[in-house]
Amino acid sequence: SIQSISPESFSSVRGAVMMQVTNAGESFMVSDIKGTVYKNGSPFVTGKADSFYVAHGPQKVQIRGRASLCPGTSLWTVLGLLMFDPEDYTVDISVTITTDSGNVRVISKTRLPVTALLKIK
């Protein structure tokens with residue numbers, strides 16, 4: 001769920017989301033998080049998120065980050081995300097996963113539907 005969106009300037013925002021996750025495996029750190037969100041196929045925002053830790057078991061994880069508007073996107077459109085249709089959005093994302101035992105893996109996905117990241121009721 002989106003927890004907050006606040007403007008930093010006319011072209012960037014900071015925000016936070018809360019995710020419910022269940023990790024059945026080893027605990028890990030997620031870092032070097034960056035991506036681009038597309039709305040109806042057009043670049044909407046690019047951004048980076050702060051690193052976060054996922055322990056073993058069920059938990060809520062808060063992710064904070066900063067996004068910059070792509071050309072042609074207005075700040076008012078982004079603020080309207082509080083009532084958005086997730087089916088309009090896809091994301092390119094890249095993250096680095098480091099397990100507690102030291103294994104490192106870079107994961108990249110392109111044009112991943114936002115609905116795949118959200119639990120839609």
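How much of the accessible surface of the chain belongs to carbon and sulfur atoms? In this predicted model, the accessible surface comes to about 7700 Å², and carbon and sulfur atoms account for 57% of that area. Of the 121 residues, 31% count as buried.

The overall dimensions were examined next. The C-alpha trace spans about 45 × 30 × 25 Å along its principal axes. For a chain of 121 residues, a compact globule would be expected to have a radius of gyration near 14 Å; the value for this chain is 15 Å, which agrees.

The secondary structure consists of eight strands and one helix. In sequence order the elements follow the pattern β-β-β-β-β-β-α-β-β. Among contacts with a separation of 6 or more, 60% involve residues that are 24 or more positions apart.

Two arrangements of side chains involve aromatic rings. A pair of aromatic rings is described by the distance between the centres and the angle between the planes. The structure contains one aromatic pair, formed by Phe-44 and Tyr-89. The centres of these two rings are 5.7 Å apart and the planes meet at 65°. Because an angle over 60 degrees counts as edge-to-face, the pair of Phe-44 and Tyr-89 is assigned to that class. Phe-44 belongs to strand β4 (residues 42-49) and Tyr-89 to strand β7 (residues 89-99), so the pair ties together parts that are 45 residues apart in sequence. Both Phe-44 and Tyr-89 are buried.

The other arrangement pairs a charge with a ring: the charged end of Arg-111 sits over the ring of Tyr-38, at 3.6 Å from the ring centre.

Technical notes:
Residues are numbered from 1 along each chain as its sequence is written. This is a predicted model: local features need pLDDT of at least 70, side-chain atom pairs count only at pLDDT 80 or more; totals for chains, interfaces and linings use all residues. Side-chain values use heavy atoms; hydrogens and water are left out. Rings of Phe, Tyr and Trp (its six-membered ring) pair if their centres lie within 6.5 Å; planes under 30 degrees apart count as stacked, over 60 as edge-to-face and the rest as tilted. Helices (H or I, at least four residues) and strands (E, at least two) are DSSP runs, numbered from the N terminus. Buried means under 20% relative accessible area, exposed over 50%, partly exposed in between (1.4 Å probe, protein chains only). A charge sits over a ring if NZ of Lys or CZ of Arg is within 6 Å of the ring centre and within 35 degrees of the ring normal. The radius of gyration is taken over C-alpha atoms; the globule rule is 2.2 Å times the number of residues to the power 0.38. Contact means heavy atoms within 4.5 Å. Accessible areas come from the Shrake-Rupley method with a 1.4 Å probe; for residues, only the protein chains shown count as cover.
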